[in-house]
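This report describes a protein model, beginning with one of its sheets and then turning to the chain as a whole and to a single loop position.

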Amino acid sequence: APAPAAASAASSAAAAAAALTSPTATVREEAGLPEAPVICSGSLLLCSCYLGEQRIDDPLSFDPVRDSDLRAAWMREPSLHERGLAAPPGADEHEHSKVNSSDLHVHSLYRTRSGDPKQKVWRVFNTHVVLPEYLVEFDYVYSSEFVQSHLEERKPEYGHFARHARDFSFGMKTACAPTTGGGGRAEGRGEAGEEDDLASGSTGGCRDSAGAGGAAMRGRATSGGMGAVSKDRPQVECLNATSLLMTQNRILGSTEPEVLLNLKVLNLHGRGLRRLEAGALGALRSLETLLLSFNCVASLSSLPDCKTLTHLDLSFNLVEKVSSLGSLAGLRHLDMSWNNLGLTSEVCDVDAALRDVIRSLARDLPKLEVLDVTGNPMTLSQWYRPLALAQLPALRMLDEEELTAKEGQEARKQMARFDGSELSEAVLMEKAFMRTAGIRRPASDLDGPESERNRIALLLGATSGAGGSSGSVARPTGLTNSNWRGYTERLDLRDLGFGELCRLSGFTHLRRVDLSGNRLTSLLKLTPCVSLEELAVERNLLATLEGAGDLPELRRLDAGSNRICAVLELKKLTKLSQLSLEDNLVDSLDTFAGLHSLVELYLSSNLIEELRSILLLKQLPKLLVLDLCGNELSASADSRLYTMFHLRRLKVLDGIPIAPAEQQEAEEKFSGKITMELLEDKLGPSPSCYNFRSVDLSGQNLRELGQLLNDDVFPSLRELSLNGNPFSDIRTMGPLSKLLVLKVNRTKLDLEKGMLADGDQVGGIASMPHLQVLEMGVSGITDMSFFAQFPLQTLRILHLPGNEITRLEGLSHMEQLRELVLDKNKVKQVDEGSFEGLRSLRELRMDDNGLKSLSNFGPLPRLRALHLSLNRVAEISELEKLRNLRHIVIINLAQNPVARKPLYRAHLINVVGSARAIDGKEVTDEERERVEQMLQGGSAAPTGGAGCYVFTEQQQMASQANVPSYMQPSLAGGGDAMQQKATYGSAGGRAAPR
């Protein structure tokens with residue numbers, strides 16, 4: 001059921017469809033239903049619709065016999081899914097339906113046809129997803145009196161379709177023979193049950209009209225009435241007298257002589273025909289109309305002889321040229337629209353092909369009144385319409401436009417110069433101008449009265465010298481009929497209609513040439529004009545710019561409205577600053593990337609499709625004006641902003657000045673994303689994918705990662721650096737099955753919402769199954785519990801410095817983790833079990849966190865390095881808590897308050913016996929021996945030699961409170977002045993007091 005927005009137009013479409021597919025009158029009478037309506041004219045609104053998430057309705061199906069009007073059926077039996085969701089009184093029913101559909105989480109409901117589940121009808125809730133595509137107006141026109149005389153008597157056989165067929169155009173254009181025995185089959189048909197045409201003796205128009213916009217109707221001649229609509233059409237590659245009459249081809253409804261003799265219309269639409277033999281239509285002596293549209297006919301030489309033919313439809317075929325149509329001399333209406341006339345391989349000149357076609361028609365079809373060649377290449381020629389009007393005197397309609405006598409007269413005058421070939425010397429002299437000494441005027445002033453005074457022909461006819469009145473013209477000194485070319489600065493050869501340019505030798509000072517509005521196909525004869533600076537060749541027949549590359553001084557080239565597709569010659573024009581190629585066939589911007597002097601480039605109405613090809617123009621440092629409107633790339637809604645973003649020097653785009661607000665909008669829209677343009681700019685172009693193992697996109701101000709960081713684009717990627725970008729979500733990234741290292745430092749990653757893809761989506765941290773190194777420093781992380789959700793079982797190195805972490809958690813599943821960096825966070829203490837599960841951890845860094853306690857640093861059975869500098873550990877007793885770390889080799893507690901305590905280093909060596917370096921300083925064997933001696937019981941210090949620490953009784957008593965009990969005996973015994981030796985190197989003589 002169509003949406004309300006399309007209700008009125010679609011109702012007629014639904015009714016028309018119901019009329020064509022409704023059951024016979026007998027079935028409807030038995031069911032007690034009214035007769036289905038007959039629709040003779042109306043409109044069909046064809047829409048495209050986004051069905052979205054669909055659900056089968058309840059009831060599940062509809063009955064085609066009872067429910068001819070499906071809208072009414074849906075209202076009579078509303079959906080069970082919608083019951084109870086009716087709009088309250090006074091509410092907008094349309095708005096309420098949108099709310100209901102959102103509650104259901106579906107966009108549409110559908111029912112299937114009883115007995116045929118492939119046929120469905122949908123109810124769509126949201127009218128905004130229904131988009132009109134085509135509006136087809138139809139009108140069934142009665143055509144044959146012979147048909148009308150037999151319709152009423154055939155009505156019992158064909159049921160409701162007999163009434164509908166009365167006004168059906170294509171099927172009823174053919175003559176129909178009367179049936180035998182009141183509804184029996186025509187003689188010569190097959191056994192009962194075989195397919196029977198609607199009108200015996202029809203040409204197949206009833207069937208074939210379906211392809212041309214009509215309804216396809218054929219059925220079975222049974223008491224039950226008509227059957228299903230025909231969908232297949234036998235293909236007949238070659239038509240001859242035999243295949244025309246073959247039953248399996250279903251071209252003629254009957255082969256009776258009476259039918260063949262009276263047949264006036266033959267419809268062969270869409271039959272795949274490639275060739276028609278000469279005698280194919282010999283049996284059809286009265287044929288007037290032949291429909292051959294939508295076939296594969298490539299040549300008219302294969303058309304059969306038919307003197308009676310007045311209408312021929314060859315639209316939508318492959319015809320390239322018109323040769324001989326003498327066998328169709330009586331033809332009055334010819335439709336050859338949408339063929340290939342003008343694109344033959346033998347004729348490259350479109351105008352030459354045009355002349356051949358028109359001359360053939362004028363020679364062979366003197367009675368031609370109506371001609372339609374719309375959509376053929378030759379119609380693009382500016383001479384097409386004047387030539388047709390001038391050479392086809394009986395023509396009264398061309399391309400569905402009525403012609404007047406005045407148009408024909410003007411066309412004949414215009415074509416008087418069409419057949420001119422080469423430019424004559426006299427005309428060349430008449431159109432030549434010299435420049436006034438010392439004056440260089442712009443092109444806009446060249447048609448003024450001052451320019452007329454410089455016409456060469458006028459100057460050659462003037463008297464020599466400078467005498468005469470102020471209004472007179474004097475011939476310049478030295479100007480003669482033999483050397484006038486050397487004095488010429490400009491040639492104005494516009495709209496002369498010539499197709500060949502004489503060789504322009506001798507024009508040594510020629511600066512400007514205008515050749516617009518002619519029929520030139522080559523510029524090779526301009527090569528002697530090496531001083532030429534401005535050239536205009538608009539509205540010609542140029543397919544290439546061959547010859548233009550030999551004009552080294554050329555600065556301006558206007559070549560719009562041609563058929564130019566090859567522009568390689570432009571690479572040689574290093575001084576070209578203004579180029580106009582509007583309305584041509586250019587499909588690439590590759591060549592223009594090398595024209596570094598270009599300031600203005602006009603390429604509107606060409607065939608450039610790829611929006612990203614604009615990036616090639618980034619190599620043009622002087623480009624200020626660009627016009628690309630009318631190309632496929634301009635169809636994108638963002639094409640203007642895209643172009644402004646990548647070509648930042650532009651001042652005018654598509655004829656509209658670029659405003660600062662637009663530039664800012666483009667910056668906001670396209671900056672901060674990973675696009676192919678960014679990748680090509682940073683990594684270079686790539687035909688299909690990048691095989692880099694390491695990619696660094698740091699500092700690109702990326703706010704979104706896009707869809708390009710995956711295995712399709714980077715199949716070999718091992719290391720990816722995205723540092724210094726403000727993105728917060730990596731769910732669109734991946735899969736990256738080979739990625740080992742991911743660096744996302746200084747970002748704004750959201751651990752809760754930006755790491756794991758939703759549902760069945762592929763992406764995020766879970767799409768990197770072999771990730772071993774993850775760096776997320778200075779990313780504003782406050783809660784580590786989200787790490788418990790990330791599948792990081794293969795992770796070996798995790799860097800989280802510079803965040804706001806206060807608690808260690810979520811790491812227990814990282815069994816392979818070997819290095820954990822948590823510097824510059826806010827972890828004041830380590831909770832019990834924080835490191836549980838990290839049995840492979842080798843190195844732990846927690847510098848500058850504000851730690852006050854060393855409790856719960858374990859179990860870490862394989863820890864080798866512990867860095868805890870710049871914290872707040874103050875008591876010597878805290879060091880004792882590290883005794884269970886039996887394999888530590890490197891430990892760093894520098895710049896903690898405890899590091900300033902007496903005997904801190906000796907105590908740490910005793911607690912962590914495996915340490916090889918403390919606070920960056922190696923622990924030597926001598927130092928370790930002295931600590932052991934000190935612990936076993938004090939010994940007298942030497943009186944000289946190596947330096948030592950000397951403690952007085954007062955110092956001992958002051959420090960004893962901070963020394964563990966197992967150290968106190970060695971300090972308490974041994975006399976009045978205890979001496980404790982702890983040598984760290986030579987003191988160079990006298991011992992320094994502590």
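## A three-stranded sheet

In this predicted model, the strands β2, β3 and β4 form, in that order, an open sheet of 3 strands whose pairing is mixed. The edges of the sheet are held by β2 (54–62) and β4 (116–124), each of which pairs on one side only. Direction ignored, neighbouring strands of the sheet are turned against each other by 35° on average.

Strand β3, which covers residues 108–113, runs antiparallel to β4 and is joined to β4 by 6 bridges. Within this part of the sheet, R113 stands opposite D116, a residue of β4.

## The protein as a whole

The secondary structure of the protein comprises 22 helices and 39 strands, and of its 994 residues 45% are buried. When contacts between residues at least 6 apart in sequence are considered, 53% of them join residues that are at least 24 apart.

The accessible surface of the protein amounts to about 47600 Å², and carbon and sulfur atoms account for 50% of that area.

## The loop position G913

G913 lies in the loop that runs between helix α19 (904–911) and strand β38 (917–918). Its relative accessibility is 44%, and G913 therefore counts as partly exposed, a class that lies between the buried limit of under 20% and the exposed limit of over 50%.

Although G913 and L885 are 28 residues apart along the chain, their C-alpha atoms are separated by 9.4 Å.

Conventions: Residues are numbered from 1 along each chain as its sequence is written. This is a predicted model: local features need pLDDT of at least 70, side-chain atom pairs count only at pLDDT 80 or more; totals for chains, interfaces and linings use all residues. Side-chain values use heavy atoms; hydrogens and water are left out. Helices (H or I, at least four residues) and strands (E, at least two) are DSSP runs, numbered from the N terminus. Buried means under 20% relative accessible area, exposed over 50%, partly exposed in between (1.4 Å probe, protein chains only). Contact means heavy atoms within 4.5 Å. Accessible areas come from the Shrake-Rupley method with a 1.4 Å probe; for residues, only the protein chains shown count as cover. Two strands pair if DSSP finds at least two bridges between them. Axes are lines fitted to C-alpha atoms, for helices over the stretch in contact, and angles run from 0 to 180 degrees between N-to-C directions.
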